[in-house]
Amino acid sequence: DIAWKSLNKHHEELCGDKVEILKTKDSDIVILADGMGSGETAAQESRKVIELLQQLLETGFSARSALKMVNTILLLTGVEQHPATLDLCCVDLCSGVLEAMKMGAVATFVLSDGQAEILDAGNLPAGVISQAEPVLLSRKLWDDDRVIMMTDGVLEACPGLEKERSLKEYLESMPMKTPQDMAERILRFACQNGGMNDDMTVLVAGIWKR
């Protein structure tokens with residue numbers, strides 16, 4: 001079960017963050033793109049990057065190869081003037097293994113038995129440097145785990161100087177409910193600190209045995 005919630009930056013009509021979910025026979029692939037800036041320009045950049053990535057995956061590229069190809073194409077076409085971060089989570093529905101691939105994206109959190117693990121990868125946005133390697137993070141998932149993805153607007157809005165620690169503590173204190181309920185709670189938590197200085201998207205995926 002996958003749900004998400006977005007909020008636009010103050011005074012913007014459009015959200016620059018885009019979510020796409022691709023389903024194959026054995027896996028679910030969740031893509032979260034965050035165009036630089038906000039509004040229409042950011043939305044266009046996010047849409048371009050997701051459509052390109054989707055085409056490559058449907059053609060038969062692996063997720064990692066597709067990400068590298070997207071970065072190369074962005075460099076060649078000059079889209080680096082408006083780069084987008086890319087966050088991709090692929091869950092193997094047979095083995096329960098999560099592969100998170102990031103290009104410039106903020107941490108993903110995995111909530112399991114009341115403990116939140118941070119999957120972090122500091123990197124530059126897609127299209128910024130020619131040799132940008134997608135960072136690959138892997139983790140086994142178990143029944144009733146939650147995978148939490150977000151754009152940088154959410155993390156930056158969290159209270160305190162250590163944003164990841166602040167959010168980790170909140171996640172460990174919140175009730176384990178439906179992905180939609182949890183996504184809305186996380187956004188409310190981030191907005192309590194002022195928030196909405198950027199587009200904000202939180203995505204929560206619940207993992208259950210068949």
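**Entry 1: Asp-113**

I looked up Asp-113 and found a relative accessibility of 78%, so this residue counts as exposed, the cut-off being over 50%. The model I am reading is a predicted one. I placed Asp-113 in the loop that joins S6 to strand S7 (115-119). I then checked its backbone and noted a positive phi of about 50°, although Asp-113 is not a glycine. I recorded this since most residues other than glycine have a negative phi.

**Entry 2: Asp-144**

I turned to Asp-144, where phi is near 80°, again a positive value in a residue other than glycine. I located Asp-144 in the loop between S8 and S9. Is Asp-144 exposed or partly exposed? I read a relative accessibility of 32% for Asp-144, which therefore counts as partly exposed.

**Entry 3: Val-135**

I found Val-135 in strand S8, which covers residues 135-140. Its relative accessibility is 24%, so I entered Val-135 as partly exposed. I also looked up its distance to Lys-102: the two C-alpha atoms are separated by 5.3 Å, while the residues stand 33 apart along the chain.

**Entry 4: the chain as a whole**

I counted five helices and 10 strands in the chain. Of its 210 residues, 50% count as buried. I also noted that, among contacts with a separation of 6 or more, 67% are between residues 24 or more positions apart.

**Entry 5: H1 against H2**

I next examined helix H1 (residues 39-59) and helix H2 (residues 63-77), whose axes come within 9 Å and cross at roughly 135°. The two helices are therefore oblique to each other. I recorded the crossing of H1 and H2 as right-handed. Which residues make the contact? On the H1 side I listed Val-49, Leu-52, Leu-53, Leu-56 and Leu-57. On the H2 side I listed Ala-63, Ala-66, Leu-67, Met-69, Val-70, Ile-73 and Leu-74. By class, this contact of H1 with H2 holds 12 nonpolar residues, with no polar and no charged ones.

**Entry 6: H4 against H5**

I then took up H4 and H5, whose axes come within 11 Å and cross at roughly 135°. That angle makes H4 oblique to H5, so I entered the pair as such. The crossing of H4 and H5 is right-handed. I found Ser-166, Leu-167, Tyr-170 and Leu-171 of H4 meeting Arg-185, Ile-186 and Phe-189 of H5. I sorted the residues of this contact of H4 with H5 into five nonpolar, one polar and one charged.

**Entry 7: nonpolar cores**

I looked up the largest nonpolar core, which has 24 residues. Those with the most contacts inside it are Ile-148, Met-150, Val-154, Leu-167, Leu-171, Ile-186 and Val-202. Which elements each supply at least two residues of this core? I noted strand S6 (108-112), strand S9 (146-150), helix H3 (152-157), helix H4 (163-173), helix H5 (179-191) and strand S10 (200-206). The largest share of this core, six residues, comes from H5.

I followed Ile-148 further and, leaving out residues up to four places away in sequence, found that it touches Thr-108, Phe-109, Leu-111, Leu-171, Ile-186, Val-202, Leu-203 and Val-204. Apart from the largest core I recorded another, of 21 residues, among them Ile-29, Val-49, Ile-50 and Leu-57. I cross-referenced Val-49 and Leu-57 to Entry 5, where both are on the H1 side of the contact with H2.

How values were computed:
Residues numbered from 1 in each chain as written. Predicted model: local features only at pLDDT ≥ 70, side-chain atom pairs only at ≥ 80, totals over all residues. Heavy atoms only, no water. Axes fitted to C-alpha atoms, helices over the stretch in contact; angles between N-to-C directions. Helix = DSSP H or I, 4+ residues; strand = E, 2+ residues; numbered from the N terminus. Parallel < 35°, antiparallel > 145°, perpendicular 65-115°, else oblique. Left-handed = near helix turned anticlockwise from the far one by under 90°. Contact = heavy atoms within 4.5 Å. Nonpolar A, V, L, I, M, F, W, Y, C, P; charged D, E, K, R; others polar. Core = buried A, V, L, I, M, F, W, Y, C linked by side-chain atoms within 4.5 Å. Buried < 20%, exposed > 50% of the residue type's maximum accessible area, 1.4 Å probe, protein only.
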